[in-house]
Amino acid sequence: MTVSDRDKRQMLQWVRQVITGALGEEIPPKPDFSSYPPCGAFVTIHKAGQLRGCIGYTIAEDPLETTLEDAARSAAFRDPRFPPLGQEELELIDLEISLLTPPEEIDSPDELEMGVHGALIRAGFHSGLFLPQVATEQGWEREEFMDHLCLKAGLPRNHWRKGEYRLFRFSAIIISEKKDL
């Protein structure tokens with residue numbers, strides 16, 4: 001899937017309007033992104049270069065505009081790692097959208113290319129996910145990435161070395177206010 005520059009700007013504007021609308025401003029009518037198939041999508045919020053919220057869906061069946069709306073509200077107001085976003089923060093945040101390819105199960109972390117693939121690990125009732133850009137942002141090589149992925153899933157750091165898990169990879173189109181507006 002490719003996304004036009006015009007649609008990238010519209011998606012970013014829509015996500016920002018959803019967040020500002022939840023804080024009391026009027027939300028315009030939902031845009032129509034029906035030329036794009038339903039797909040997994042995450043909305044990431046940064047404030048002063050630091051993570052401020054990130055939530056989304058690995059797989060989605062709803063229209064893309066609905067998935068983005070839900071992810072935007074969740075990242076801004078329901079990420080359990082942060083307090084809900086406040087009106088005073090709106091001018092201080094920048095937004096990023098990640099449109100995901102469907103996850104594919106892989107046999108080994110060796111099949112992950114850092115900075116290209118995101119990963120989802122599942123072990124019993126535990127699961128954790130990192131978007132493709134996380135490894136690059138953190139400066140992680142594959143082993144560090146896997147250690148932190150296990151920790152995010154609530155597993156011991158080296159659980160991935162034991163083979164008692166399922167691992168999935170995916171890629172993403174990254175749309176960012178810093179690059180695309």
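I count a residue as buried when its relative accessible area is under 20%. The model I am reading is a predicted one.

**Entry 1. Overall form**

I began with the secondary structure and found five helices and eight strands in the protein. Read along the sequence, their order is α-β-β-α-β-β-β-β-α-α-β-β-α.

I then looked up the dimensions. Along its principal axes the C-alpha trace spans about 50 × 35 × 30 Å. The radius of gyration is 17 Å, which agrees with the value near 16 Å that a compact globule of 181 residues would have.

I noted that 47% of the 181 residues count as buried. The protein exposes about 9,400 Å², and carbon and sulfur atoms supply 48% of that area.

How many of the contacts between residues at least 6 apart in sequence join residues at least 24 apart? I recorded 70%.

For charge, I found 20 positive and 30 negative side chains. The centres of these two sets lie 3 Å apart.

**Entry 2. Helix 4**

I turned next to helix 4, which runs over residues 142-152. Which of its residues are buried? I listed F145, M146, D147, L149 and C150.

I then asked what these buried residues pack against. I found strand 5 (118-123), strand 6 (126-130), helix 3 (132-138) and strand 7 (166-170).

After helix 4 comes G154, and I noted that its phi is positive, near 80°.

**Entry 3. The aromatic rings**

I searched for pairs of aromatic rings, and the count came to two. One of them joins F130 and W140, with 5.4 Å from centre to centre and 55° between the planes. I recorded this pair as tilted, because its angle does not go over the 60 degrees required for edge-to-face and is not under the 30 degrees required for stacked.

Where do the two partners lie? F130 belongs to strand 6 and W140 to the loop between helix 3 and helix 4, so the pair ties together parts that are 10 residues apart in sequence. I checked their exposure as well: F130 is buried at a relative accessible area of 11%, and W140 also counts as buried, at 13%.

F130 and F145 form a tilted pair too, at 5.6 Å centre to centre and 50° between the planes. This pair links distant parts of the chain, with F130 in strand 6 and F145 in helix 4, 15 residues apart. Is F145 buried or exposed? I found F145 to be buried, with a relative accessible area of 0%.

I therefore wrote down F130, W140 and F145 as a cluster linked by ring pairs, with rings paired when their centres lie within 6.5 Å.

**Entry 4. Strand 1 and the loop after it**

I looked up T44, which is found in strand 1 (residues 41-47). T44 counts as buried, at 5% relative accessibility. Leaving aside neighbours within four places in sequence, I found T44 in contact with L51, G53, C54, D94, L95, E96 and L131.

I went on to A48, in the loop between strand 1 and strand 2 (50-57). A48 counts as exposed, at 70% relative accessibility. What is the sign of its phi? I recorded a positive phi of about 55° for A48, although A48 is not a glycine. I set beside this the general rule that most residues other than glycine have a negative phi.

**Entry 5. The loop between helix 2 and strand 3**

My last entry concerns G86 and Q87. G86 is placed in the loop between helix 2 and strand 3. I found G86 buried, with a relative accessible area of 12%. Beyond its neighbours within four places in sequence, G86 is in contact with L23 and R52. I also noted the separation of G86 and E105: 19 residues in sequence and 39 Å in space, C-alpha to C-alpha.

Q87 has its place in the loop between helix 2 (64-77) and strand 3 (93-100). Q87 counts as partly exposed, at 40% relative accessibility. Leaving aside neighbours within four places in sequence, I found Q87 in contact with L23 and E25. How far from Q87 is I19? I noted 68 residues in sequence and 9.5 Å in space, C-alpha to C-alpha.

Key. Residues are numbered from 1 along each chain as its sequence is written. Side-chain values use heavy atoms; hydrogens and water are left out. Buried means under 20% relative accessible area, exposed over 50%, partly exposed in between (1.4 Å probe, protein chains only). Helices (H or I, at least four residues) and strands (E, at least two) are DSSP runs, numbered from the N terminus. Contact means heavy atoms within 4.5 Å. The radius of gyration is taken over C-alpha atoms; the globule rule is 2.2 Å times the number of residues to the power 0.38. Accessible areas come from the Shrake-Rupley method with a 1.4 Å probe; for residues, only the protein chains shown count as cover. Lys and Arg count as positive and Asp and Glu as negative; His and the chain ends are not counted. The place of a charge is taken as NZ of Lys, CZ of Arg, CG of Asp or CD of Glu. Rings of Phe, Tyr and Trp (its six-membered ring) pair if their centres lie within 6.5 Å; planes under 30 degrees apart count as stacked, over 60 as edge-to-face and the rest as tilted.
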